[in-house]
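Biologist: I would like a close look at a single part of this model, taken slowly and set against the chain around it. Could you choose one helix and say which of its residues are buried, what covers them, and what lies beside it?

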Amino acid sequence: MITKAYVVSVHVGDQERALDFYTNALGFEKRSDEPMGEGARWLTVAPEGAETSIFLEPVGSEGRAGGWANVIFECDDIHATCNKLRDKGVEFSEEPTRQPWGMWARFRDPDGNEFGLYGSR
């Protein structure tokens, strides 16, 4: 039986730029950085303590960067988190608003990938 999501992919134009954004702006940790053959590398990041990692997948013939990434992150205090991320240069496409399921915001990475941010307050 399936027990968890192990890795999700996000297309990026430049793995180094993406690594800088995810580790320095979002505060994620680098989980792996391994060669995958000719010029490719398996580069993953994740929030500290998270079970699921994000593969920073270079844009290739299989996809493109930008648009809704189908990933929603959770935080304890959405307003404090958004303020901290804004101070680190993170751009928000949707400011925190109350929704029936809780507080919600959207932000984007340097490649234009958009992520949801959920918080109970």
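Modeller: What follows goes from the whole chain to the second helix, then to the loop after that helix, and last to a few other places along the chain.

The model is a predicted one, and its protein chain holds two helices and eight strands, which follow one another from the N terminus in the order β-α-β-β-β-β-α-β-β-β. The radius of gyration of the protein chain is 15 Å, which agrees with the value near 14 Å that a compact globule of 121 residues would have, and the C-alpha atoms fill a box of roughly 45 × 35 × 25 Å along the principal axes. Of the 121 residues, 38% count as buried, and the accessible surface comes to about 7200 Å², with 48% of that area belonging to carbon and sulfur atoms. When contacts between residues at least 6 apart in sequence are considered, 52% of them join residues at least 24 apart. The chain carries 13 positive and 21 negative charges, and the mean positions of these two sets are 5 Å apart.

Helix α2 spans residues 78-87, and its buried residues are I78, C82 and L85. Seen down the axis of α2, these buried residues fall within an arc of 65 degrees, so they line one face of the helix. The general background is that an α-helix has 3.6 residues a turn, so residues three or four places apart point the same way. On the face of α2 turned away from the buried side one finds the exposed residues K84 and D87. The cover over the buried residues of α2 includes helix α1 (15-25), together with the strands β5 (67-75), β6 (91-99), β7 (102-108) and β8 (113-119).

Just past this helix, the loop between α2 and β6 contains V90. This residue is buried because its relative accessible area is 4%, where buried means under 20%. Once its neighbours within four places in sequence are set aside, V90 is in contact with F21, A25, L26, L85, F107 and R108, and of these L85 is one of the buried residues of α2. V90 and A25 are 65 residues apart in sequence, yet their C-alpha atoms are 6.8 Å apart in space.

Strand β5, which is among the elements covering the buried residues of α2, also holds N70. N70 has a positive phi of about 60 degrees although it is not a glycine, and the general background to this is that most residues other than glycine have a negative phi. At 62% relative accessibility, N70 counts as exposed.

Helix α1 is also part of that cover, and D14 has its place in the loop between β1 (7-12) and α1. D14 counts as partly exposed, at 36% relative accessibility, and its C-alpha atom is separated by 17 Å from that of F28, which lies 14 residues away along the chain.

For one further loop residue, M36 lies between β2 (29-35) and β3 (41-46). M36 is partly exposed, with a relative accessible area of 44%, and, leaving aside its neighbours within four places in sequence, it is in contact with R41, W42 and F55.

Key
Residues numbered from 1 in each chain as written. Predicted model: local features only at pLDDT ≥ 70, side-chain atom pairs only at ≥ 80, totals over all residues. Heavy atoms only, no water. Helix = DSSP H or I, 4+ residues; strand = E, 2+ residues; numbered from the N terminus. Rg over C-alpha atoms; globule rule 2.2 N^0.38 Å. Buried < 20%, exposed > 50% of the residue type's maximum accessible area, 1.4 Å probe, protein only. Contact = heavy atoms within 4.5 Å. Areas by Shrake-Rupley, 256 points an atom, 1.4 Å probe, with all protein chains shown as cover. Lys, Arg positive; Asp, Glu negative; His and termini not counted. Charge placed at Lys NZ, Arg CZ, Asp CG, Glu CD. Arc of directions from axis to C-beta.
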